[in-house]
Amino acid sequence: MKKLIFSLIAILSMSVYAQDQYEPKSYKFTLQEAIDFAIDSSYATINARRDVAIALKQKWETTADGLPQIDGDLTYEYNPIIRQTPLPAELAGGEPGTFVPVEFSPRQNMNASVTLNQLIFDGSYIVALQAAKTFLEYSDNNETRTKLQVRKDVVSAYGNVLLTQNSIGIIESNLETAKENLRETRITFENGLAEEEDVEQLQITYQQLQSQLNNAKRMKDISKESLNMVLGLPIYTKVELLEDLENLANREALEAKIITEDLQVENTIEFKIANNLVEQRELEMKLEKSKALPSLSAFANYGQTSFGEDFEFFSSRADWFEFSTIGVSLNVPIFSSLQRSARTQKAKIEMEKAETQKVQAVNQIKLQLNNAKSNFEFAIDNYELSKDNLKLAERIERKNQIKFKEGVGTSFELRQAQLQLYTAQNELLQSMLDIINSKAEIEKIINTPFTNFEN
């Protein structure tokens with residue numbers, strides 16, 4: 001019996017341990033912590049880092065083209081039927097004017113050789129090295145752009161979760177008030193002191209709030225799953241948010257001085273990427289020009305060959321004969337029927353297009369920043385207005401509550417006041433989220449180092 005008890009205890013202990021081992025991990029994040037986590041773990045940034053790694057490998061791949069290349073070659077041939085070559089019979093003492101078949105090739109032969117190739121000069125190679133460096137720089141800049149976008153997405157997703165959480169709390173409070181009003185009015189109606197329409201109006205309000213609450217709970221789940229997606233977590237991971245929407249909005253609004261900063265266009269990531277494109281097109285034009293230059297390379301070859309009627313190449317009876325070659329190869333382009341000229345002109349036009357796109361990017365950046373600043377200023381103004389409107393809507397709703405209970409107000413008037421209150425509540429929440437999102441958009445445009453993107 002004791003053995004059975006000890007066995008059960010051991011099994012239960014192992015079960016609890018296994019459950020702890022496989023229980024899904026949960027997280028708690030402030031906004032900054034969520035951003036830092038996403039910068040490291042989001043799907044987009046992981047692949048952006050891989051793109052940089054690919055660019056590094058491509059740079060070395062290009063560099064290796066100009067370094068010594070060594071190749072080994074081993075060839076084995078077996079001739080079941082040996083080709084016969086006719087020779088004048090008189091060479092072998094035969095009748096003049098006739099021929100005799102002679103076999104020159106052995107039935108089996110093997111060749112082993114090593115070849116060294118070294119590029120000495122090629123204009124295309126020099127340009128390719130520069131292009132690889134530019135591509136690596138572009139990949140680095142694209143990674144930074146990805147991180148900026150991820151940061152903005154985290155801010156938006158984090159704010160949406162806070163918005164739905166606050167909405168649920170407000171709707172639940174409104175629902176409790178509506179439920180109590182409906183209960184009291186139904187009792188009053190049953191006592192003959194109220195109209196049936198009063199009950200129906202309040203019932204409509206109650207049912208609509210119940211529907212809004214159910215929808216808000218669904219939206220909360222979806223917004224949490226969306227945040228997990230941005231963070232690079234499985235969508236059902238439990239994540240607790242440590243920020244408060246109102247405090248977060250107030251903190252962002254206090255940093256309104258950001259809109260007075262002078263824009264340094266050359267520091268923005270979009271400008272750097274546009275500049276990368278210009279550099280790339282310039283190098284493409286240089287590449288086409290370099291194809292008109294001669295190229296020079298050297299090679300050295302060493303090998304051994306063996307042959308015979310039987311396969312004895314790896315025995316002591318086999319004879320191996322050495323051979324070696326050293327040389328240089330010079331290739332001089334002479335005439336291409338103006339093909340190279342056409343390609344060079346085409347590359348020049350592409351470069352001019354890139355320069356125009358760079359100018360366009362500069363103006364686009366300025367326009368986007370001005371628009372983002374305007375949206376941020378409007379969001380702050382709207383936030384202050386929404387707070388005042390909510391206070392007014394609360395006073396109006398309270399007055400109509402009192403008038404309705406005292407019998408001097410109608411249920412329709414109370415319902416209108418309540419709907420106005422609900423709208424003001426939603427507008428205030430949305431104005432808080434607008435402050436957070438519009439400031440995040442500004443910081444994305446001006447490449448604010450909200451976190452250390454270079455790590």
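Here are some exercises with worked solutions on this predicted model.

**Exercise 1. The largest pocket**

Task: Find which residues lie nearest the centre of the largest pocket, and which elements build its lining.

Solution:
- Step 1. Begin with the space itself: the largest pocket holds about 470 Å³.
- Step 2. Turn to the lining, which is made of 23 residues. Nearest the centre you will find Y138, I273, N276, L277 and Q280.
- Step 3. Now assign elements. Two or more lining residues come from each of α3 (43-64), α4 (123-190), α7 (269-290) and α8 (339-405). Helix α7 gives the largest share, with nine residues.
- Step 4. Finish with chemistry: the lining has 13 nonpolar, seven polar and three charged residues.

**Exercise 2. The second largest pocket**

Task: Repeat the analysis for the second largest pocket, and work out how many of its lining residues are charged.

Solution:
- Step 1. The volume of this pocket is about 330 Å³.
- Step 2. Its lining counts 19 residues, and L163, T164, S167, A216 and M219 lie nearest the centre.
- Step 3. The elements that supply two or more of the lining residues are α4, α5 (196-231) and α9 (411-445).
- Step 4. Sort the lining by class: nine residues are nonpolar and ten are polar, with no charged residues.

**Exercise 3. The nonpolar core**

Task: Identify which members of the largest nonpolar core touch the most other members, then look at the surroundings of L231.

Solution:
- Step 1. A useful background point is that nonpolar side chains in soluble globular proteins tend to be buried together.
- Step 2. In this model the largest nonpolar core has 56 residues, and V154, Y158 and L231 touch the most other members.
- Step 3. Elements giving two or more residues to this core are β1 (27-29), α2 (31-41), α4, α5, β6 (239-241), α6 (245-254), α8 and α9.
- Step 4. Zoom in on L231. Beyond residues up to four places away in sequence, L231 touches F29, A34, F37, A38, S41, S42 and V154.
- Step 5. Check for a separate cluster. Another core of five residues lies apart from the largest one, and its members include L182, L202, F404 and L414.

**Exercise 4. Two charged residues**

Task: Decide whether E252 is buried or exposed, do the same for R281, and list the contacts of each.

Solution:
- Step 1. Place E252 in helix α6. Its relative accessibility is 8%, so E252 falls under the 20% limit and is buried.
- Step 2. Setting aside neighbours within four places in sequence, E252 contacts F376, I435, I436 and K439.
- Step 3. Place R281 in helix α7. Its relative accessibility is 19%, so R281 also counts as buried under the 20% limit.
- Step 4. With the neighbours within four places in sequence left out, R281 is in contact with A347, E350, M351 and A354.

**Exercise 5. Sequence separation and distance in space**

Task: For V230 and Y43, G72 and N141, and N375 and R398, set the separation in sequence beside the C-alpha distance.

Solution:
- Step 1. V230 belongs to helix α5. V230 and Y43 are 187 residues apart in sequence, with their C-alpha atoms 7.6 Å apart. Leaving out neighbours within four places in sequence, the contacts of V230 are A38, S42, V150, D153, V154 and A157.
- Step 2. G72 sits in strand β2 (residues 69-78). G72 and N141 are 69 residues apart in sequence and 41 Å apart from C-alpha to C-alpha. G72 is exposed at 65% relative accessibility, and it touches S113 and V114 when residues up to four places away are not counted.
- Step 3. N375 lies in helix α8 and is partly exposed, at 39% relative accessible area. N375 and R398 are 23 residues apart in sequence, with a C-alpha distance of 34 Å.

**Exercise 6. A backbone angle and an annotated span**

Task: Find where L338 lies, and describe the secondary structure of residues 344-371.

Solution:
- Step 1. L338 is in the loop between β8 (321-331) and α8. Its phi is near 65°, a positive value in a residue other than glycine.
- Step 2. The relative accessible area of L338 is 63%, so this residue is exposed.
- Step 3. In the unreviewed UniProt entry, the annotation "coiled-coil region" covers residues 199-262 and 344-371.
- Step 4. In the model, residues 344-371 are 100% helix and 0% strand, and the end C-alpha atoms of this span lie 40 Å apart.

Definitions and conventions
Residues numbered from 1 in each chain as written. Predicted model: local features only at pLDDT ≥ 70, side-chain atom pairs only at ≥ 80, totals over all residues. Heavy atoms only, no water. UniProt positions renumbered as here; feature names shortened; annotations may be inferred. Helix = DSSP H or I, 4+ residues; strand = E, 2+ residues; numbered from the N terminus. 1 Å grid on protein atoms, 1.4 Å probe; cavity = no way out; pocket = protein on both sides within 12 Å on 5 of 7 lines; lining within 4 Å. Points joined across faces, edges and corners; volume = space filled by probe spheres on them. Nonpolar A, V, L, I, M, F, W, Y, C, P; charged D, E, K, R; others polar. Core = buried A, V, L, I, M, F, W, Y, C linked by side-chain atoms within 4.5 Å. Buried < 20%, exposed > 50% of the residue type's maximum accessible area, 1.4 Å probe, protein only. Contact = heavy atoms within 4.5 Å.
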